[in-house]
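These exercises go through one chain, from its strands to its helices, its iron site and its domains. Work through each task with the structure open, then read the solution.

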Amino acid sequence: MLGIVFTEFMEMVEDQFSADVLDDVLDSSNLDSEGAYTSVGYYDHQEMIRMVVALSKKVNLPVDDLIETFGQHLFGVLISKYPTLRGDIDSALDFLETVDSTVHIQVKKLYPNAELPEFDCERISNDRLNLHYRSKRPFSVLALGLIKGCGEFFGDTLEVSHSSREEKGFYLTDFVVVDVHE
Ligand code: HEM
């Protein structure tokens, strides 16, 4: 997993909790990298999972809630780091439709070792998008947070429902994303 995901996670822990909480999380996670991440390095995604589990125990919040909040934060970071990816898109659903076909493809060109999920998109109507997530890694809750962060970024109120299953070593999640125009 690309280092920026780790460096941003550590920054969020420090901002939302404290530097002491971050130190405890790093100490108790048994990390091969010892937490010495750089934004362009690659690290085992299990380290991310170990850190989130350690944080969950430390601050007594569910793992999924922490990952979702992190995804929301991460969207803002990624879109400001790569502003050209937005182009002239001005709605969350339009942008989400480009993640698989454009955004992650550009990411892969920049970082050939990036491990990205796949999304099949079905635009049901102007206000409704079905996204089918498929990955070898269990990060669909991160996707949920990224989808919500995308809604916030574009100022769109999204209702997101999802259901997950595992099949032949893949994690699959069907998201239904509705723009409720509040
Ligand atoms: C500006 C927009 C975005 C950029 C630049 C971006 C870039 C990235 C990068 C760099 C990674 C890490 C790759 C690695 O670990 O090697 C990643 C992973 C991921 N991205 Fe995106 N992303 C964006 C938007 C989104 C959105 C909107 C979603 C959700 C629909 C999404 C879903 C994911 C997920 C779930 C992962 C974790 C890997 C996995 O599940 O297998 N991304 N993305």
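**Exercise 1. Find the bridge partner of Cys121 in β2, then describe the pairing of β1 with β2.**

Some ground rules come before the solution. The model is predicted: local features need pLDDT of at least 70, side-chain atom pairs count only at pLDDT 80 or more, and totals for chains, interfaces and linings use all residues. Residues are numbered from 1 along each chain as its sequence is written, and side-chain values use heavy atoms, with hydrogens and water left out.

Solution. Step 1: the bridge partner of Cys121 in β2 is Leu131. Helices (H or I, at least four residues) and strands (E, at least two) are DSSP runs, numbered from the N terminus. Step 2: a second pair in these strands is Glu118 with Arg134 of β2. Step 3: β1 and β2 (residues 128-135) run antiparallel and are joined by seven bridges; two strands count as paired if DSSP finds at least two bridges between them. Step 4: the connection from β1 to β2 is a hairpin through two residues.

**Exercise 2. Give the order of the four strands in the open sheet, and state why β1 and β3 each have one side without a neighbour.**

Solution. Step 1: take the remaining pairings. β2 and β4 are antiparallel over eight bridges, with Tyr133 opposite Thr173 of β4. β3 and β4 are also antiparallel, over ten bridges, and Glu167 stands opposite Phe170 of β4. Step 2: the order is β1-β2-β4-β3, with antiparallel pairing. Step 3: β1 (118-125) and β3 (158-167) are at the edges and each has a single partner strand, so one side of each is left without a neighbour in the sheet. Step 4: on average, neighbouring strands of this sheet are turned by 15 degrees against each other, direction ignored. Axes are lines fitted to C-alpha atoms, for helices over the stretch in contact, and angles run from 0 to 180 degrees between N-to-C directions. Step 5: inspect the hairpin of β3 and β4, which has two residues between the strands; Lys168 there takes a positive phi near 50 degrees.

**Exercise 3. Which strands does helix α5 touch, and which residue is the donor to the iron atom of the ligand?**

Solution. Step 1: α5 (residues 92-110) packs on the sheet and touches β1, β2, β3 and β4 (170-179), where contact means heavy atoms within 4.5 Å. Its direction makes about 150 degrees with that of β1. Step 2: helix α6 (residues 140-154) also lies across β1, β2, β3 and β4, running at about 165 degrees to β3. Step 3: the iron atom has a single donor from the protein, NE2 of His104, 2.1 Å away. Donors are N, O and S atoms within 2.8 Å of the metal (3.2 Å for Na, K and Ca); water is not among the atoms, so sites may look incomplete. Step 4: His104 is found in α5.

**Exercise 4. State the angle at which α1 packs with α3 and the angle at which α1 packs with α2, and classify each.**

Solution. Step 1: α1 (residues 3-16) and α3 (residues 45-59) pack at about 10 degrees, with axes 11 Å apart. That makes α1 roughly parallel to α3. Angles under 35 degrees count as roughly parallel, over 145 as roughly antiparallel, 65 to 115 as roughly perpendicular and the rest as oblique. Step 2: α1 contributes Val5, Phe6, Phe9 and Val13 to this contact, and α3 residues include Met48, Met51 and Leu55. Step 3: α1 and α2 (residues 19-28) pack at about 135 degrees, with axes 7 Å apart. That makes α1 oblique to α2. Step 4: Met10, Val13 and Glu14 of α1 meet Ala19, Val21, Leu22 and Leu26 of α2.

**Exercise 5. Where are the bounds of domain 1 and domain 2?**

Solution. Step 1: the domain assignment gives domain 1 (3-61) and domain 2 (73-179); such bounds come from an automatic or database domain assignment. Step 2: the contact takes nine residues from domain 1 and 13 residues from domain 2. Step 3: the domain centres, taken over C-alpha atoms, are separated by 23 Å.
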